[in-house]
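Colleague: I have not seen this one before. Please put it up.

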Amino acid sequence: MIKTAILGYGTVGSGVAEVLRKNREVIRRHAGDEVQTAYVLDLREFPGDPVEEILVHEYEPILNDPDVRIVVETMGGLHPAYEFTKQALQAGKSVCTSNKELVAEHGVELMKIAEEHQANYMFEASCGGGIPVIRAMQTGLAADEIDAVTGILNGTTNYILTRMEQDGCDFGEALAEAQRIGYAERNPEADIEGYDAKRKIAILSSVAYGSHVDYTKVFTEGISRITTTDMQYAAALSARIKLLGRSVRRGNDVSVMVAPMLVFRGNPLYDVNGVMNAIFVHGNMLGDAMFYGSGAGSLPTASAVSADIVDCAKNLGKNTALPGTGETLNVCPADEAENAFFVRVGADEAVKAEACFGKIRSVTVPGIEGEAAFTTEVMTEAAFREKLQEISDVKGYIRICR
Ligand code: HSE
């Protein structure tokens with residue numbers, strides 16, 4: 001019997017308890033032993049819930065119980081999740097988490113502590129919800145040099161953009177629904193402004209390249225300035241607007257960005273809608289692979305956490321992390337990134353825009369008046385900003401996914 005303790009009985013923690021309960025038999029078979037939830041730590045009470053009997057409000061009983069070999073950290077946030085995780089690893093307990101905030105901020109240190117104590121720190125559920133992309137990169141692609149990762153990494157924003165595009169739904173309404181279903185972060189700003197996707201692309205890039213990518217250096221733009229007018233233009237271009245996390249590695253440099261982008265029909269990411277996530281990976285031997293699946297929500301995320309639990313259960317007393325280079329990649333300044341853009345300007349600025357941007361392609365949508373819209377050639381972000389400054393009435397712009 002292998003005992004686990006779940007820290008935080010929220011959306012994901014309660015999902016993990018349910019997966020361990022409902023899939024007990026398959027988990028026992030794959031782990032080679034029974035996996036039992038021995039404790040649930042939460043400040044709240046849950047009368048009538050199956051975990052009522054094992055609920056504790058203090059961490060010490062868990063930390064001091066030598067039979068607890070795996071701790072599930074689904075508290076979210078940095079504190080006390082960081083301290084609890086560190087203490088568990090130092091006690092030789094493995095930790096499985098969905099907490100991308102913590103992994104992005106302290107993952108390198110926590111993985112090192114895990115290694116020093118023959119335990120594991122696993123975070124499959126921190127990126128892509130239930131999609132087993134981290135494991136795929138670490139096992140199936142272990143013989144490849146991965147040089148690019150692009151993904152729709154946030155279910156909430158993809159859900160909002162899909163509802164806006166397909167149902168003409170208003171931003172606030174779609175967000176409220178995403179929160180109700182349990183997709184959104186406690187603070188919706190993290191989803192909408194791209195901070196969640198920023199952490200995820202940094203984590204995925206670090207795993208993909210085997211070298212640390214500092215999430216604080218990732219240029220990030222959210223979806224809060226996307227309008228239904230943009231949606232109409234996107235449709236006219238046979239494109240959809242998606243919040244993408246994108247990173248490309250060249251030697252010790254990585255170019256990495258989170259921003260809403262126009263994705264054209266024909267690109268597999270075009271058909272990734274609603275809460276679904278997808279991650280495109282390019283390996284030097286493999287070429288392209290795309291991983292697609294449920295990107296948020298209680299059970300999909302819990303499924304990924306539970307797979308990590310099985311992995312930890314099979315490897316008690318043994319650190320199984322792939323060795324990284326121990327280096328941190330240099331994040332290139334966003335100004336140097338090269339993109340083509342879709343731009344909307346006031347009707348009076350159309351001629352000036354053409355003079356500034358040179359070769360452009362006009363886009364028109366019947367019924368939209370008083371403005372001009374066009375797509376540009378590929379240029380650096382710095383050059384784009386310089387040209388844009390010459391135009392006084394800019395109504396918006398969106399990068400184009402190549
Ligand atoms: N808020 C996150 C999302 C949850 O919407 O993708 C899953 O990480």
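Colleague: Which helices each supply at least two residues of the shell around the ligand?

Modeller: This is a predicted model: local features need pLDDT of at least 70, side-chain atom pairs count only at pLDDT 80 or more, and totals for chains, interfaces and linings use all residues. Residues are numbered from 1 along each chain as its sequence is written, and side-chain values use heavy atoms, with hydrogens and water left out. Elements are DSSP runs numbered from the N terminus: helices are H or I with at least four residues, strands are E with at least two. At least two shell residues each come from helix H7 (155–167) and helix H10 (195–209).

Colleague: How many residues of the shell around the ligand are charged?

Modeller: The shell takes in residues with a heavy atom within 4 Å of the ligand. Among them are Lys 100, Asn 154, Gly 155, Asp 191, Asp 196 and Lys 200. Ala, Val, Leu, Ile, Met, Phe, Trp, Tyr, Cys and Pro count as nonpolar, Asp, Glu, Lys and Arg as charged, and the others, Gly among them, as polar. The shell has three nonpolar and four polar residues, and its charged residues number five.

Colleague: How much of the accessible area of the ligand does the protein cover?

Modeller: Start with the polar contacts (N or O pairs within 3.5 Å). An N or O atom in the Lys 100 side chain is 2.6 Å from a ligand oxygen, and a backbone N or O atom of Tyr 183 is 2.8 Å from a ligand nitrogen. In the side chain of Glu 185, an N or O atom lies 2.7 Å from a nitrogen of the ligand. Of the 260 Å² that the ligand has on its own (Shrake-Rupley, 1.4 Å probe), the protein covers 95%.

Colleague: Where does the ligand sit?

Modeller: On a 1 Å grid over the protein atoms alone, a pocket is an open set of points with protein on both sides within 12 Å along at least five of seven lines; a cavity is a set where a 1.4 Å probe fits but cannot get out, and lining residues have an atom within 4 Å of a point. To sit in one, a molecule needs more than half of its atoms within 2 Å of its grid points. The ligand sits in the largest pocket.

Colleague: Which element gives the most to the lining of the largest pocket?

Modeller: The largest pocket has a volume of about 1,100 Å³. Its lining counts 47 residues, and those closest to its centre include Thr 74, Met 75 and Glu 185. Helix H1 (11–22), helix H5 (100–116), H7, helix H9 (189–192) and H10 each supply at least two. With four residues, the top contributor is H10.

Colleague: Which element gives the largest share of the lining of the second largest pocket?

Modeller: The second largest pocket has a volume of about 870 Å³. Of its 36 lining residues, Met 111, Gly 210, Leu 322, Pro 323 and Gly 324 are the closest to its centre. H5, helix H6 (133–138) and H10 give two or more residues each. The largest share, seven residues, comes from H5.

Colleague: What is the volume of the largest cavity?

Modeller: The whole structure holds two cavities of 30 Å³ or more. Ser 255, Val 256, Met 257, Cys 332, Pro 333, Ala 334 and Ala 337 line the largest cavity. That lining has six nonpolar residues, one polar and no charged. The volume of the largest cavity is about 40 Å³.

Colleague: Which strands give two or more residues to the lining of the second largest cavity?

Modeller: The second largest cavity has a volume of about 30 Å³. Its lining includes Arg 246, Ser 247, Val 248 and Ser 255. Two or more lining residues come from each of strand E9 (239–250) and strand E10 (253–264).

Conventions:
Polar contact = N/O pair within 3.5 Å; in protein donor to acceptor, adjacent residues only side chain to side chain. Points joined across faces, edges and corners; volume = space filled by probe spheres on them.
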